[in-house]
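This report goes through selected local features of one protein structure, with attention to side-chain contacts, charged pairs, strand pairing and backbone angles. Please keep the sequence and the model in view while reading.

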Amino acid sequence: MDLGTGASIEHATVLFSMVCAGGSKQWQMLASSGGTRIGVIMRSQLKTHEFAEIPCNTDLAKGVLVSGGSSVEIRTVACIESTNIYPSVIATGGEDGYLRLCRPPRSDLKETGLMPLFEARRHTSAIRCICISGPYLFTGGGGCELRCWRYYRDGEFELSDYAVAPSLGDSRVMDVVVIHKDESIGVVIATAYSDASIRLWRLDSLNRQLVCVAQDVNSTNRHCVLSLNSFSHNTSVNGVHRSTKYVVSGSTSGQLAFWDVTQFLEPNVDLKTKRDLGPPILLQENVHQSGVNTIAISSHHDACSVSIATGGDDGSVAIWEYSAALSDPLSTKLKLVARRTDAHASAVQAVAFLDGHKWVCSLGTDQRLAIWSVNNGHLDLAHMACSQVADPSAMAILDSTCRSVVIVGIGIEFINFQ
């Protein structure tokens, strides 16, 4: 078992090495300001090794492991941003099927734990994904369960079970993303499923129902869909300006698929008829060697091109640029801008853009949180922190300054970049 500095794979320094001969089945690393401790179970005995310095730059990142979360693995996290009146709220879901809302600890009050606000178990199995739009939360998980919740911030924080999607089988909802919201048609979301399908749902607030308006009938991905995201793209044809809405999906085959979903966002769409999503306008193979676990998107100022960050099971992080000719929306291009094959020592679970598209944050199951700068076709490591959360599975950016990140897995940790 080797432990490197994590600052540079090419110039790594081995801090610790031991001969296991296959006898070490369990090990754990705990990093803190006091040092790094490694514990290894060998032949029914626990052996520990301690180092005075931790292999990351602690002057740039401060992490706090907090109490008050779930006692089982947390699979997903989302943030309700703070306002001038109300603080930010964290929403989590995990293996126990509970949706939990809590307030992060306040350093000015010297709080060390989460402040519970709400918890309820409506899912019969694990919650895998959460997304938030305005006063609505959408949760998806096993058994094809998809639910909508509504929260209220009038004095006390309240949340109610608002709408439930009809059951469509035994597949799992792998990801959910809001693709559109306005006063005329309300909220429209996209969901990804383990049976390789993608569906679009509209929230019928009058009847408090989730209505499926489109589905990928042919299951174009042909593999489990792991991740989703969406973006808008501006075009101009014969002087007519048009905003096109796209959904991007990533699958276990390492493929990215792009779908034009604009036609399903019209106010006169018949909610009683489920239509075919149709074929994707663009397929990109070999985005990663295996699963595309996470997709992040940052639109450029002119909205004529977007930057796309992906993280995969192969431990790599890649940056892509999607663009289309203003006069020909069908003339689309996807260009690889930068790739870091050694970004993490194991699967990348989450990526996010910080401050536009010049900085990317990534989280891996190797318990490393990294910030990369995108420079001239390269991803350069700017900062790195070691997380104390075991088996990290998701992260969320807490505020608009992009300097505070919450990480979840077997535990919850808040990391602030200085």
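Which backbone oxygen does the side chain of Asn-229 reach? The model under discussion is predicted, and in it the side chain of Asn-229 reaches the backbone oxygen of Ile-295 at 2.9 Å.

## The surroundings of Asn-229

Asn-229 is found in strand β19, which covers residues 225–237. With a relative accessible area of 17%, Asn-229 is buried, because the cut-off for that class is under 20%.

When neighbours within four places in sequence are left aside, the residues in contact with Asn-229 are Val-177, Tyr-246, Val-247, Val-248, Ile-295, Ala-296 and Ile-297. Ile-295 thus appears in this list of contacts and also supplies the backbone oxygen that the Asn-229 side chain reaches.

## Salt bridges

Side chains of opposite charge can pair when their charged atoms come close. A search of the whole structure finds six salt bridges, and some of them are described here. One of them joins the side chains of Asp-96 and Arg-100, with a distance of 2.9 Å from N to O; Asp-96 and Arg-100 are both buried. Asp-96 and Arg-100 are also linked with Glu-119 in a network of salt bridges.

A further salt bridge is formed by Asp-161 and Arg-147, whose closest N and O atoms are 2.7 Å apart. Asp-161 lies in strand β14 (residues 156–164) and Arg-147 in strand β13 (residues 146–154), so this pair ties together parts that are 14 residues apart in sequence. Asp-161 is partly exposed, with a relative accessible area of 25%, whereas Arg-147 is buried, with a value of 12%. Arg-340 and Asp-342 likewise form a salt bridge, and here the closest N and O atoms are 2.6 Å apart; the arginine of this pair, Arg-340, is buried, with a relative accessible area of 15%.

## A four-stranded open sheet

Strands of a sheet pair through backbone hydrogen bonds, either parallel or antiparallel. In this model, four strands form an open sheet in the order β7-β8-β9-β10, and the pairing is antiparallel. The edges are occupied by β7 (74–80) and β10 (115–121), each of which has a single partner strand, so one side of each is left without a neighbour in the sheet. On average, and with direction ignored, neighbouring strands of this sheet are turned by 20° against each other.

Within the sheet, strand β8 (residues 89–94) and strand β9 (residues 98–103) run antiparallel and are joined by four bridges. Gly-93 has Leu-99 as its bridge partner in β9.

## Positive phi angles outside glycine

Which place does Gln-367 occupy relative to the strands β29 and β30? Gln-367 sits in the loop between β29 (359–364) and β30 (368–375), and its phi is positive, at about 65°, although the residue is not a glycine. Gln-367 is buried, its relative accessible area being 8%.

Asp-391 is another residue other than glycine with a positive phi, in this case near 50°. The place of Asp-391 is in strand β32, which spans residues 390–397, and Asp-391 is partly exposed, with a relative accessible area of 46%. Taken together, the two residues can be set side by side as a buried one in a loop, Gln-367, and a partly exposed one in a strand, Asp-391.

How values were computed
Residues numbered from 1 in each chain as written. Predicted model: local features only at pLDDT ≥ 70, side-chain atom pairs only at ≥ 80, totals over all residues. Heavy atoms only, no water. Buried < 20%, exposed > 50% of the residue type's maximum accessible area, 1.4 Å probe, protein only. Salt bridge = Lys/Arg side-chain N within 4 Å of Asp/Glu carboxyl O. Polar contact = N/O pair within 3.5 Å; in protein donor to acceptor, adjacent residues only side chain to side chain. Contact = heavy atoms within 4.5 Å. Pairing = 2+ DSSP bridges. Axes fitted to C-alpha atoms, helices over the stretch in contact; angles between N-to-C directions.
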